[in-house]
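Trainee: Could you take me closely through one part of this model, and then show me how its surroundings are put together? I would like each term explained when it first comes up.

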Amino acid sequence: WGDPHYGGDCSGVADRLAAGVTAIYSTERAFAAVTEGGEVVTWGDGHLGGASSAVADRLAAGVTAIYSTEKAFAAVKEGGEVVTWGDPDEGGDCSGVADRLAAGVTAIYSTRFAFAAVKEGGEVVTWGDPDEGGDCSG
C-alpha cells in the first residue's frame, strides 16, 4: 500500500515475503527484509536501496543484520562481512574501504548519509558522504 516510488508496492517480490521474514529495515524510500535463512529481499526506489541486484549473490544467505542511512543499506553477514547498496554517495558504495569490511565487523552506526562500522578489536571504518561523517581520516 502507498506510493510505489516510496516502497508502497512489493508485488514484484511478494512471493518471497509470504513466509519466513524475520526483520524489515528501511531507507527514506525503500525496504529490505531478511528471511530466516539470511536472504535479503528489497523493494521500493531502486536508487535508494530498493534494487539490490548488483549485490544479490552476496545477499542470498547469511545476512544477520541490516543498517541504513536515508538513502542506502549496509548488511552484515555471518563472519562480519559488510555488503552495501543504494545511493553510492550516501553510503551505498563502500568500495574505498571494502578490504577493511571483508570480515570482523560487529556493529554499524549511521548518520543521514554515512556509516561507521566497529570491528573486533575496536577499529572504526567509515564511508559515505564525508560531510556527514563518512570520512574519519583526519
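Mentor: We will begin at one residue and work outward from there.

This is a predicted model, in which local features need pLDDT of at least 70 and side-chain atom pairs count only at pLDDT 80 or more, while totals for chains, interfaces and linings use all residues. Residues are numbered from 1 along each chain as its sequence is written, and side-chain values use heavy atoms, with hydrogens and water left out.

The residue to start from is Thr84, which lies in strand β6, residues 82-86. Helices (H or I, at least four residues) and strands (E, at least two) are DSSP runs, numbered from the N terminus. With a relative accessibility of 9%, Thr84 counts as buried, a word that means under 20% relative accessible area, whereas exposed means over 50% and partly exposed lies in between (1.4 Å probe, protein chains only).

The side chain of Thr84 reaches two backbone atoms: the oxygen of Gly92 at 3.1 Å and the nitrogen of Cys94 at 3.5 Å. Each is a polar contact, that is, a pair of N or O atoms within 3.5 Å; within protein, one must be able to donate a hydrogen and the other to accept it, and residues adjacent in sequence count only if both atoms are side-chain atoms. If contact is taken as heavy atoms within 4.5 Å, and residues up to four places away in sequence are not counted, Thr84 touches Val55, Phe73, Ala74, Gly91, Gly92, Asp93, Cys94 and Trp127.

Now step back to the sheet that holds this strand. Three strands form an open sheet in the order β4-β5-β6, with antiparallel pairing. Its edge strands are β4 (63-68) and β6, each of which pairs on one side only, and the twist averages 20 degrees from one strand to the next; here axes are lines fitted to C-alpha atoms, for helices over the stretch in contact, and angles run from 0 to 180 degrees between N-to-C directions. Two strands pair if DSSP finds at least two bridges between them, and β4 and strand β5 (residues 72-77) pair over five bridges. Across that pairing, Tyr67 stands opposite Ala74 in β5, and Ala74 is also one of the residues that Thr84 touches. As background, the strands of a sheet pair through backbone hydrogen bonds, either parallel or antiparallel.

The nonpolar residues of this region come next. A nonpolar core is a set of buried Ala, Val, Leu, Ile, Met, Phe, Trp, Tyr and Cys residues joined through side-chain atoms within 4.5 Å. The largest one has 13 residues, and those with the most contacts inside it are Val82, Leu101, Val105, Ile108 and Trp127. At least two residues of this core come from each of β5, β7 (105-110), β8 (114-119) and β9 (124-128), and β5 gives the most, with three residues. Leaving aside neighbours within four places in sequence, Val82 is in contact with Arg58, Ala74, Ala75, Val76, Leu101, Val105, Ile108 and Trp127. Apart from this core lies another, of 12 residues, among them Val63, Ile66, Phe73 and Trp85.

Trp127 leads us on to β8 and β9. These two strands run antiparallel and are joined by five bridges, and the bridge partner of Ala116 in β9 is Thr126. Their hairpin has four residues between the strands, and there Gly121 takes a positive phi near 95 degrees.

In the loop between these strands there is also a charged residue to look at. The side chains of Glu123 and Arg100 meet in a salt bridge at 2.9 Å, N to O, the term being used for a side-chain nitrogen of Lys or Arg within 4 Å of a carboxyl oxygen of Asp or Glu. Because Glu123 lies in the loop between β8 and β9 and Arg100 in the loop between β6 and β7, the pair ties together parts that are 23 residues apart in sequence. Glu123 is partly exposed at 34% relative accessible area, and Arg100 is partly exposed at 33%.

Finally, the loop between β6 and β7 also holds Glu90, which at 12% relative accessibility counts as buried. Its C-alpha atom is separated by 7.4 Å from that of Thr69, although the two residues are 21 residues apart along the chain. Residues up to four places away again not being counted, Glu90 touches Thr69, Lys71, Ala72, Phe113, Ala114, Gly128 and Asp129.
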